[in-house]
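Thanks for coming. I have one structure for today, and I will go through it from the overall fold down to single residues.

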Amino acid sequence: MAVKMIKVHGSGNDFYLLDQTQFPEPLSDADLKQLAINICKRDGAGLYDGADGVLVVDKSEHPQVLGRMRVINADGTEASMCGNGLRTVARYLGTQNSQDAFKVQTMYADLKVQAVDDFAKHVPAFSVEISPVSFDAQTIGMHANNEAATIINEKIPALSADLKFSAVAVPNPHLIAFVDHETLVGPELGRIGKWMNDGKNAIFPDGVNVSFVEVLEKNSIFVRTFERGVGFTNACGTAMSASSLMYVLLHQESTDFNQEIHVTNPGGMVKTVVHQGADEEYWMELIGNATFVRIVTLPVESALTADYSAATATETGEQTAYENFVKSLTTAK
Ligand SMILES: N[C@@H](CCC[C@H](N)C(=O)O)C(=O)O
């Protein structure tokens, strides 16, 4: 049996999108895990250029929901949410069903998605809802500062003598520190990210996505992320949304809710808007590219045994358009 997948990305955070409805029977969770571990490997060991994860698309029985997204990280673990991935799944389901605005089922919530104006020619874009938000240590899976119930802009001495962190689930767990430029590009993010995702540490036993954020100017931030289950990534959509939330909450003297925030990352840029709902709950809009790079086909058995000799690929041409878009951002500065 052949499997068809689309290589997609949002801000260079790249995935294989796998529609389970193409099979008479969906792949088992064990097979999905093995597939992700195999095909996502980098440096020529995986399928083409590898990936940060696999986005599994399936049917949803929920009302007004066009499909369900599951996120399998490159190491085979499952994540509760993926912001960059959700935009590409939204594009996929929207095209299939000829709809522009609908909901997608994710692990903890049915999230609103909507097609928006292209970022540039052949750079289609989507806006997706990021929620629910929680600062609760138990929800985040955090055991820090003598079992503190929340950590918002506070030092965690076990992690760093200098940096202040905020821990937030959106709903996947994030640890965020606002830093200067030197720290942003320095080794500290890798040290903390690797350590907090080693599966042995007592602070985040289930791992956490760690981001360093530099404020560039009003409503403009740069976010660099070490992702749980992946490592350094070009961009993490939920991290950029969580960082935008912390930016608004911690910089109330100069910004506020409902304002557009420009978020740059090593792979490109997105826009975010932080909202506070009627019941005081926070939610974010994440707006960015949803690029389809190539269509890949190979026998399922080959994917499960990491044999890519029979794989075929058709390029869409969108990657060149995306790279030109990113170049134009640098030239515009
Ligand atoms: N890249 C994603 C987040 C993927 C999940 C993360 N690695 C986790 O385990 O929580 C995004 O764009 O949000």
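How many helices and strands does the chain have? There are 8 helices and 19 strands. Before I go further, please keep in mind that this is a predicted model.

Overall dimensions next. The chain has 333 residues and a radius of gyration of 19 Å; a compact globule of that length would come out near 20 Å, so the value agrees with one. Taken along the principal axes, the C-alpha atoms fill a box of roughly 55 × 45 × 45 Å. Of the 333 residues, 46% count as buried. For contact order, consider contacts between residues at least 6 apart in sequence: 59% of these join residues at least 24 apart.

Now the domains. The chain is divided into domain 1, which is 2-131 + 290-332, and domain 2, which is 137-280. Their centres, taken over C-alpha atoms, are separated by 24 Å. Across the boundary, 20 residues of domain 1 are in contact with 19 residues of domain 2. On the domain 1 side, α2 and α8 (318-332) each supply at least two of the residues that touch domain 2. By class, that side has 8 nonpolar, 10 polar and 2 charged residues.

On to the ligand. Where does the ligand lie with respect to domain 1 and domain 2? Both domains give residues to the shell around the ligand, so it lies between them. The shell has 17 residues, and the closest are A79, N84, N172, G237 and T238. Elements that give two or more residues to the shell are β4 (65-73), α2 (83-97) and α6 (237-250). Of the elements, α2 gives the most, with 3 residues. By class, the shell divides into 5 nonpolar, 10 polar and 2 charged residues.

Two of those helices deserve a slide each. I start with α2, which we have now met at the ligand and on the side of domain 1 that touches domain 2. At 1.5 Å a residue, its 15 residues should span 21 Å, and the end C-alpha atoms are 21 Å apart, so the two agree. Is α2 largely enclosed or largely open? Here 12 of its 15 residues are buried, so α2 is largely enclosed by the rest of the structure. The buried residues run from G83 and N84 on through G94, with R87 and R91 among them. N84 is therefore both buried and one of the residues closest to the ligand, given that a residue counts as buried when 20 or more other C-beta atoms lie within 10 Å of its own. Just after α2, S98 takes a positive phi of about 50°.

The second helix is α6. It has 14 residues and reaches 20 Å from its first C-alpha to its last, close to the 20 Å expected. In α6, 12 of the 14 residues are buried, so this helix too is largely enclosed by the rest of the structure. Among the buried residues are G237 and T238, which are also listed with the closest residues to the ligand. Others in α6 that are buried include M240, L245, M246 and Y247.

Then the backbone details. There is a cis peptide bond from S131 to P132, with omega near -5°. P132 sits in the loop between β8 (123-130) and α3 (137-140). Another cis peptide bond joins V170 and P171, with omega about 5°; P171 is in the loop between β10 (164-169) and β11 (173-178).

Two residues that are not glycine have positive phi as well: S11 at about 55°, and Q64 at about 60°. S11 is in the loop between β1 (2-10) and β2 (13-19), and Q64 is in the loop between β3 (53-58) and β4. Which of the two environments is buried, and which exposed? S11 is buried, with 29 other C-beta atoms within 10 Å, whereas Q64 has 9 and is exposed.

One last residue: H181, in helix α4 (residues 181-185). With 10 C-beta neighbours inside 10 Å, H181 counts as exposed. Its C-alpha atom and that of V213 are separated by 8.8 Å, although the two are 32 residues apart along the chain.

That is the tour. I will take questions.

Terms used
Residues are numbered from 1 along each chain as its sequence is written. This is a predicted model: local features need pLDDT of at least 70, side-chain atom pairs count only at pLDDT 80 or more; totals for chains, interfaces and linings use all residues. A residue is near a molecule or strand if its C-beta atom, placed from the backbone, lies within 6 Å of it. Helices (H or I, at least four residues) and strands (E, at least two) are DSSP runs, numbered from the N terminus. Ala, Val, Leu, Ile, Met, Phe, Trp, Tyr, Cys and Pro count as nonpolar, Asp, Glu, Lys and Arg as charged, and the others, Gly among them, as polar. Domain bounds come from an automatic or database domain assignment. The radius of gyration is taken over C-alpha atoms; the globule rule is 2.2 Å times the number of residues to the power 0.38. Two residues are in contact if their C-beta atoms, placed from the backbone, lie within 7 Å. The expected span of a helix is 1.5 Å times one less than its number of residues.
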